[in-house]
Amino acid sequence: MNLSNLKPAEGSVKNKKRIGRGTGSGRGGTSTRGHKGAGSRSGNSTKIGFEGGQMPLQRRLPKYGFKNPNRVEYVGVNLDVLQSLVEKYNLTSIDFDTFKSHGLVSKNDVVKILGRGELKSKVEVTAHAFSATAQQAIEAAGGSIVKL
C-alpha cells in the first residue's frame with residue numbers, strides 16, 4: 001500500500017450530482033428543475049401538506065371530536081406508591097413538594113390520590129383530590145387528608 005493506491009472506504013463517498021455546470025455535464029440548462037412554474041424558480045418552498053393543488057388530506061377528512069378547554073387532567077398517585085415513600089424515607093406527612101422532589105409530578109400538575117394497594121402507616125396526605133377508596137384507606141390507617 002502506498003499513496004498512489006489509497007481509496008476511501010466502500011460506501012463512504014456518495015456520487016454527488018454537479019448541477020448547473022453546463023450542457024456537457026448532462027445536468028445543465030434547467031439544472032434538473034424542469035421548465036417554468038414555481039418549482040423552477042429560486043426561493044420556492046411549498047407548504048407542509050401541499051399536494052399540488054389537489055385538496056390536501058387534512059382538509060378531505062372530516063372534523064372529529066371535541067376538546068373540552070375546562071378539563072382538569074389529574075396525575076394519579078396510588079396508595080402503594082405512598083406506602084413505599086413512607087417506608088423508604090420514613091415520612092409522617094406527604095404533600096405536593098414531596099411528590100415533586102421524588103419525581104412523581106411536575107410543578108404544574110394536579111395530583112389525585114387513587115386507591116390501588118394498601119396503606120399500613122399513619123400519614124397525613126395533602127393533595128388536590130382523593131378517590132373515595134383512597135380516602136377511606138388513609139383514614140382507616142389512622143391518617144388524615146388535606147385537600148389543596
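The exercises below work through a predicted model, each with a solution in steps.

**Exercise 1. The first sheet**

Task: Find the order of the strands in the open sheet that contains β1, and state which strands stand at its edges.

Solution:
- Step 1. The sheet is open and has 3 strands, in the order β1-β3-β5.
- Step 2. The pairing in this sheet is parallel.
- Step 3. The edge strands are β1, residues 74–78, and β5, residues 129–130, and each of them pairs on one side only.
- Step 4. Strand β3 covers residues 110–114 and is joined to β5 by 2 bridges.
- Step 5. Opposite Ile113 stands Phe130, which belongs to β5.

**Exercise 2. A helix across the sheet**

Task: State which strands helix α2 lies across, and at about what angle it runs to β1.

Solution:
- Step 1. Helix α2 is made of residues 79–89.
- Step 2. The strands it lies across are β1 and β3.
- Step 3. The angle between α2 and β1 is about 60°.

**Exercise 3. The second sheet**

Task: Describe the open sheet that contains β2, and explain why one side of each edge strand has no neighbour.

Solution:
- Step 1. This open sheet has 3 strands in the order β2-β4-β6, and their pairing is parallel.
- Step 2. At the edges stand β2 and β6 (144–147); each has a single partner strand, so one side of each is left without a neighbour in the sheet.
- Step 3. Between β4 and β6, which run parallel, there are 4 bridges.
- Step 4. Glu124 has Ser144 in β6 as its bridge partner.

**Exercise 4. The salt bridges**

Task: How many salt bridges does the structure hold? For each pair, give the N to O distance and describe the exposure of its residues.

Solution:
- Step 1. The structure holds 3 salt bridges.
- Step 2. One of them joins Glu51 and Arg60, with the closest N and O atoms 3.3 Å apart. Glu51 has a relative accessibility of 30% and is partly exposed. Arg60 is also partly exposed, at 43%.
- Step 3. Another is formed by the side chains of Glu73 and Arg71, at 3.0 Å from N to O. Both residues, Glu73 and Arg71, are exposed.
- Step 4. The side chains of Arg116 and Asp80 also meet in a salt bridge, at 3.0 Å from N to O. Arg116 is in the loop between β3 and β4 (124–127) while Asp80 is in helix α2, so this pair ties together parts that are 36 residues apart in sequence.
- Step 5. Arg116 is partly exposed, with 48% relative accessibility. Asp80 is partly exposed as well, with a relative accessible area of 28%.

**Exercise 5. Positive phi values**

Task: For Lys36 and Asn90, give phi, the place in the chain and the exposure.

Solution:
- Step 1. Lys36 has a phi near 55°, which is positive although the residue is not glycine. Lys36 is in the segment before α1.
- Step 2. The relative accessible area of Lys36 is 71%; because this is over 50%, Lys36 counts as exposed.
- Step 3. Asn90 has a phi near 55° too, again a positive value in a residue other than glycine. The place of Asn90 is the loop between α2 and β2 (93–94).
- Step 4. At 69% relative accessibility, Asn90 is exposed.

**Exercise 6. The segment before α1**

Task: Is Ser31 buried or exposed? Which residues form a nonpolar surface patch with Met1, and how far apart in space are Arg21 and Ala137?

Solution:
- Step 1. Ser31 is found in the segment before α1. Its relative accessible area is 18%; because this is under 20%, Ser31 counts as buried.
- Step 2. Leaving aside residues up to four places away in sequence, Ser31 touches Ile19 and Gly20.
- Step 3. Met1 lies in the segment before α1 (57–60) and is exposed, with a relative accessible area of 91%.
- Step 4. Met1 forms a nonpolar patch on the surface with Leu3 and Leu6, and together they have about 460 Å² of accessible area.
- Step 5. Arg21 is in the segment before α1 and is exposed, at 55% relative accessible area.
- Step 6. From C-alpha to C-alpha, Arg21 and Ala137 are 79 Å apart in space, and they are 116 residues apart in sequence.

Methods
Residues are numbered from 1 along each chain as its sequence is written. This is a predicted model: local features need pLDDT of at least 70, side-chain atom pairs count only at pLDDT 80 or more; totals for chains, interfaces and linings use all residues. Side-chain values use heavy atoms; hydrogens and water are left out. Patches are made of residues with over 30% relative accessible area and no salt bridge: like charges are joined within 9 Å, nonpolar side chains (Val, Leu, Ile, Met, Phe, Trp, Tyr) within 5 Å. Accessible areas come from the Shrake-Rupley method with a 1.4 Å probe; for residues, only the protein chains shown count as cover. A salt bridge is a side-chain nitrogen of Lys or Arg within 4 Å of a carboxyl oxygen of Asp or Glu. Buried means under 20% relative accessible area, exposed over 50%, partly exposed in between (1.4 Å probe, protein chains only). Two strands pair if DSSP finds at least two bridges between them. Contact means heavy atoms within 4.5 Å. Axes are lines fitted to C-alpha atoms, for helices over the stretch in contact, and angles run from 0 to 180 degrees between N-to-C directions.
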